[in-house]
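The following exercises concern the structure shown below. Each task is followed by a solution that proceeds step by step.

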Amino acid sequence: MKPYQFYVVDKMPALAQGESVKNPIQLTLTGEDEEVDTVITFESENFEGGLDQYRIKSEIKYSTMGYIKTMVGSSRQRVDFTEYLKPVDFYAFYSQERNALLFQAPKRECRGVYCHLKKSKNIALKAMQVDFGKVMQLQQEYLGAWFRRVSARVHAAGISGEQIQDDPLYKDLSKIGALSNVTLP
């Protein structure tokens, strides 16, 4: 199963099939400037259900401790790092009729690319707030659900299974936490 993130489109360039738009930005990693290009390519018109398919390629900053061993000159050396650029490559689906763009990627990757595109002159997006009440009206079954702010000590809780929306645990969590993510069959 692949996750989707939803965005409202305020501005999107008209591209021909196979055409791309590039959005260069400057990121700072460990005191060094890195130029990162976010490239959006129009791949297929009316891919499915009136959605046009796009491909997004970029790099996002990951903060993590680690090291690599590399050859410097003729000696092997260890290089420590606290962050790095991770390449991302995923599909997006655009509905001109609804002014909606769906990223098909994990939330962390979507947020990284979304932050890059906030600085774009060609594309203007806003994160969409999903009304899970309306989702439940359209889809009668949840296979998974995540809740935020469940208690003072528990920041998030997730449950999964079949027909979880009918389970008392789901109903209890929905009373005390905010539904933030669902998995649909």
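The model is predicted.

**Exercise 1. The largest pocket**

Task: Describe the lining of the largest pocket by residue class, and state which element gives the most to this lining.

Solution.
Step 1. By class, the lining of the largest pocket comprises 20 nonpolar, seven polar and seven charged residues.
Step 2. The volume of the largest pocket is about 1400 Å³.
Step 3. In total, 34 residues line the largest pocket, and those nearest its centre are Tyr4, Gln5, Phe6, Val130 and Phe132.
Step 4. Two or more lining residues come from each of β1 (5-11), β6 (100-104), α1 (107-117), α2 (132-138), β8 (144-148) and β10 (178-183).
Step 5. Of the elements, β10 gives the most to the lining of the largest pocket, namely five residues.

**Exercise 2. The cysteines**

Task: Determine how many disulfides the model contains, and account for the state of cysteine 110 and cysteine 115.

Solution.
Step 1. The criterion for a disulfide is a pair of cysteine sulfur atoms within 2.5 Å.
Step 2. Under this criterion the count is zero disulfides.
Step 3. Cysteine 110 takes part in no disulfide, the nearest cysteine sulfur being that of cysteine 115, 11 Å away.
Step 4. For cysteine 115, the closest cysteine sulfur is in cysteine 110 at 11 Å, which is too far for a bond.
Step 5. Cysteine 110 has 0% relative accessibility and therefore counts as buried, whereas cysteine 115, with a relative accessible area of 39%, is partly exposed.

**Exercise 3. Aromatic pairs**

Task: State how many aromatic pairs the structure holds, and characterise the pair of tyrosine 54 and tyrosine 94 and that of phenylalanine 90 and phenylalanine 103.

Solution.
Step 1. The structure holds eight aromatic pairs.
Step 2. One of them joins tyrosine 54 and tyrosine 94, with 6.1 Å from centre to centre and 75 degrees between the planes, an edge-to-face arrangement.
Step 3. Because tyrosine 54 belongs to strand β4 (residues 51-72) and tyrosine 94 to strand β5 (residues 75-95), this pair ties together parts that are 40 residues apart in sequence.
Step 4. Tyrosine 54 is buried at a relative accessible area of 4%, and tyrosine 94 counts as buried at 6% relative accessibility.
Step 5. The ring centres of phenylalanine 90 and phenylalanine 103 are 5.3 Å apart and the planes stand at 55 degrees, so this pair is tilted.
Step 6. Phenylalanine 90 is in strand β5 and phenylalanine 103 in strand β6, so the pair ties together parts that are 13 residues apart in sequence.
Step 7. Both phenylalanine 90 and phenylalanine 103 are buried.
Step 8. Phe90 and Phe103 also belong to one aromatic cluster with Tyr7 and Tyr114.

**Exercise 4. Two polar side chains**

Task: For serine 58, give the element, the burial state and the side-chain contact; for arginine 111, give the element, the burial state and the separation from alanine 127.

Solution.
Step 1. Serine 58 lies in strand β4.
Step 2. With 6% relative accessibility, serine 58 falls under the 20% cut-off and therefore counts as buried.
Step 3. The serine 58 side chain makes a polar contact of 2.8 Å with the side chain of threonine 38.
Step 4. Arginine 111 is located in helix α1.
Step 5. A relative accessible area of 51% is over the 50% cut-off, so arginine 111 is exposed.
Step 6. Between arginine 111 and alanine 127 there are 9.4 Å in space, C-alpha to C-alpha, while in sequence they are 16 residues apart.

Conventions: Residues numbered from 1 in each chain as written. Predicted model: local features only at pLDDT ≥ 70, side-chain atom pairs only at ≥ 80, totals over all residues. Heavy atoms only, no water. Buried < 20%, exposed > 50% of the residue type's maximum accessible area, 1.4 Å probe, protein only. 1 Å grid on protein atoms, 1.4 Å probe; cavity = no way out; pocket = protein on both sides within 12 Å on 5 of 7 lines; lining within 4 Å. Points joined across faces, edges and corners; volume = space filled by probe spheres on them. Helix = DSSP H or I, 4+ residues; strand = E, 2+ residues; numbered from the N terminus. Nonpolar A, V, L, I, M, F, W, Y, C, P; charged D, E, K, R; others polar. Phe/Tyr/Trp six-rings, centres within 6.5 Å; stacked < 30°, edge-to-face > 60°. Polar contact = N/O pair within 3.5 Å; in protein donor to acceptor, adjacent residues only side chain to side chain.
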